[in-house]
Amino acid sequence: MRRALGHFASGVTIVTGAGADGPVGFACQSFASVSLDPPLVLFCADHRGRAWPIIRAAGVFTVNVLAADQIDLCMRFGSRDGAKFRDLDWTASPWGSPSFPETIVQIHAKVETVYTAGDHDVIIGRVLSLSEADADARPLLFYRGRFGLDDGDPSFVTPITWGWDDHWW
């Protein structure tokens, strides 16, 4: 299943939150927009993870969307090492969740609904605020078990936006 679904390229994010013992976070590629009105996003988190229960209890989180040159940040938060924030530049959002100013965008949200699905939770979050750091940066993509696309044509195609307003929030 992992190999088959690996044919679907996805962006890479770091979902962060904070608890009594400090900041927590994990690498997440299961992230999507759900609704524009109201503004909702979703991500999936493994029940066995250490960070998700802390984020759930806090009730707020930040989704930091990674740029193509931030593989090291992804690897740091994809590991089981507990020192993910050591010597790392971050700021607390107005809601207390860690925000990485060098990422493409930071989506600040509160936990609205949680659904259990197999060994993961599907978390719906209501967007509180958006912070766009580098709108021109290329995103970090994960495809077929690797970062980036195959060695073929690396050009990106601009999608049709159907007249959507860039500032819906």
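A residue counts as buried when its relative accessible area is under 20%. By that cut-off His108 is buried, because its relative accessible area is 3%. The model analysed here is a predicted one.

His108 lies in strand E9. That strand covers residues 105-117. The side chain of His108 makes a polar contact with the side chain of Thr62, at 2.9 Å. Thr62 also appears among the contacts of His108 beyond its neighbours within four places in sequence. Phe61 is listed there too, as are Ser93, Trp95, Ser97 and Ser99. The remaining contacts are Arg126, Val127, Leu128, Ser129 and Ser131.

A second buried position is Thr13, with a relative accessible area of 3%. Thr13 has its place in strand E2, residues 13-19. A polar atom of the Thr13 side chain lies 2.7 Å from the backbone oxygen of Cys28. Neighbours within four places in sequence aside, Thr13 touches Phe26, Ala27, Cys28 and Phe31. Val63, Asn64, Val65 and Leu66 are also in contact with Thr13. Gln106 is 93 residues from Thr13 in sequence. In space, the C-alpha atoms of Thr13 and Gln106 are 9.4 Å apart.

Strand pairing was examined next. Strands of a sheet pair through backbone hydrogen bonds, in either a parallel or an antiparallel sense. Strand E4 spans residues 31-36, and strand E5 spans residues 39-46. The two run antiparallel and are joined by five bridges. E4 and E5 form a hairpin, with two residues between the strands. Within this pairing, Ala32 stands opposite Leu42 in E5. E5 also pairs with E10. Seven bridges join E5 to E10, and the direction is again antiparallel. Here Ala45 stands opposite Asp121 in E10.

An open sheet of three strands was also found, with the order E1-E11-E12. Its pairing is antiparallel. Strand E1 (10-11) and strand E12 (146-147) stand at the edges. Each has a single partner strand, so one side of each is left without a neighbour in the sheet. Strand E11 consists of residues 141-143. Two bridges connect E11 with E12 in the antiparallel sense. Across this pair, Tyr143 stands opposite Arg146 in E12.

Charged side chains were then considered. Side chains of opposite charge can pair when their charged atoms come close. The count of salt bridges comes to four. One of them joins Asp121 and Arg56, whose closest N and O atoms are 3.5 Å apart. This pair links distant parts of the chain. Asp121 belongs to strand E10 (residues 120-132), and Arg56 belongs to helix H2 (residues 51-58). The two residues are 65 residues apart. Their exposure was assessed as well. Asp121 is buried, because its relative accessibility is 3%. Arg56 is partly exposed at 42%.

Another salt bridge is formed by Arg126 and Glu112, with the closest N and O atoms 2.8 Å apart. This pair also links distant parts of the chain, namely Arg126 in strand E10 and Glu112 in strand E9. The separation is 14 residues. Arg126 counts as partly exposed, at 27% relative accessibility. Glu112 counts as partly exposed too, at 36%. Salt bridges that share partners join Asp46, Arg48 and Asp119 into one network.

Within that group, the side chains of Arg48 and Asp46 meet in a salt bridge at 2.6 Å, N to O. Arg48 is exposed, because its relative accessibility of 64% is over the 50% cut-off. Asp46 is partly exposed, with a relative accessible area of 22%.

Several positions recur across these results. Arg126 is a salt-bridge partner of Glu112, and Arg126 is also in contact with the buried His108. Asp121 stands opposite Ala45 in the pairing of strands, and the same residue, Asp121, forms a salt bridge with Arg56.

Methods: Residues are numbered from 1 along each chain as its sequence is written. This is a predicted model: local features need pLDDT of at least 70, side-chain atom pairs count only at pLDDT 80 or more; totals for chains, interfaces and linings use all residues. Side-chain values use heavy atoms; hydrogens and water are left out. Two strands pair if DSSP finds at least two bridges between them. Helices (H or I, at least four residues) and strands (E, at least two) are DSSP runs, numbered from the N terminus. Buried means under 20% relative accessible area, exposed over 50%, partly exposed in between (1.4 Å probe, protein chains only). Contact means heavy atoms within 4.5 Å. A polar contact is a pair of N or O atoms within 3.5 Å; within protein, one must be able to donate a hydrogen and the other to accept it, and residues adjacent in sequence count only if both atoms are side-chain atoms.
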